[in-house]
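Got the viewer open? Grab your selection tool and let's take a walk through this one, stop by stop.

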Amino acid sequence: MSEKTAAGLVEFIAKGIVGQPDAVRVNEQDGGRLLELVTADEDRGRVIGRQGRIAKAIRSVLSASRSGRDARLDIVD
């Protein structure tokens with residue numbers, strides 16, 4: 001992980017989960033307080049997981065990190 005930011009953390013985790021890591025992008029909105037995770041269409045289900053378990057786990061790790069404590073993560077359709 002090259003960036004020590006909340007966006008870098010989310011990008012690092014998402015790239016490890018998806019089948020097309022080159023399609024992963026994290027857009028920062030509202031001064032970094034809102035993170036939008038963009039993936040390839042076929043990888044979106046992998047990032048969300050069954051009943052949202054993977055997405056919830058990513059959000060938990062994000063909120064436990066120093067840089068992402070007050071950030072919110074949205075997975076973009």
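Let's start with a pick: does arginine 44 count as buried or exposed? Arginine 44 counts as buried, at 14% relative accessibility. Keep in mind as you click around that this is a predicted model.

**Stop 1: the partner of arginine 44.** Add aspartate 41 to the selection. The two form a salt bridge, and the closest N and O atoms are 3.1 Å apart. Aspartate 41 is exposed, with a relative accessible area of 59%, whereas arginine 44 is buried.

**Stop 2: aspartate 43.** Now select aspartate 43, which sits in the loop between strand 2 (34-38) and helix 2 (44-48). Aspartate 43 is buried but has no salt bridge. Why not? A salt bridge needs a side-chain nitrogen of Lys or Arg within 4 Å of a carboxyl oxygen, and the nearest side chain of opposite charge, arginine 46, is 4.1 Å away. Show the surroundings too: leaving out residues up to four places away in sequence, aspartate 43 touches Val18, Gly19 and Gln20.

**Stop 3: the other salt bridges.** The structure holds three salt bridges. For another one, go to helix 1 (residues 6-17) and pick glutamate 11 and lysine 15, which lie four residues apart, about one turn of the helix. Their closest N and O atoms are 3.1 Å apart. Glutamate 11 is partly exposed at 23% relative accessible area, and lysine 15 is partly exposed as well, at 35%.

Then jump to arginine 72 and aspartate 74, a salt bridge with closest N and O atoms 2.9 Å apart. Arginine 72 is partly exposed, with a relative accessible area of 49%; aspartate 74 is partly exposed too, at 26%.

**Stop 4: the core.** Hide the charged side chains for a moment. In soluble globular proteins, nonpolar side chains tend to be buried together. Here, the largest nonpolar core has 17 residues, and Val10, Val26, Leu35, Leu37, Val47, Leu62 and Leu73 touch the most other members. Which elements each supply at least two residues of this core? Color helix 1, strand 2, helix 3 (53-64) and strand 3 (72-75). Helix 1 gives the most, with five residues.

**Last stop: leucine 35.** Select leucine 35 and show its contacts. Not counting residues up to four places away in sequence, leucine 35 touches a list of residues that includes Val10, Val26, Leu62 and Leu73. Bring the charged side chains back, and you'll find Arg72 and Asp74 among the contacts of leucine 35 too, the pair you met earlier as a salt bridge.

Definitions and conventions
Residues are numbered from 1 along each chain as its sequence is written. This is a predicted model: local features need pLDDT of at least 70, side-chain atom pairs count only at pLDDT 80 or more; totals for chains, interfaces and linings use all residues. Side-chain values use heavy atoms; hydrogens and water are left out. Buried means under 20% relative accessible area, exposed over 50%, partly exposed in between (1.4 Å probe, protein chains only). Lys and Arg count as positive and Asp and Glu as negative; His and the chain ends are not counted. Contact means heavy atoms within 4.5 Å. A nonpolar core is a set of buried Ala, Val, Leu, Ile, Met, Phe, Trp, Tyr and Cys residues joined through side-chain atoms within 4.5 Å.
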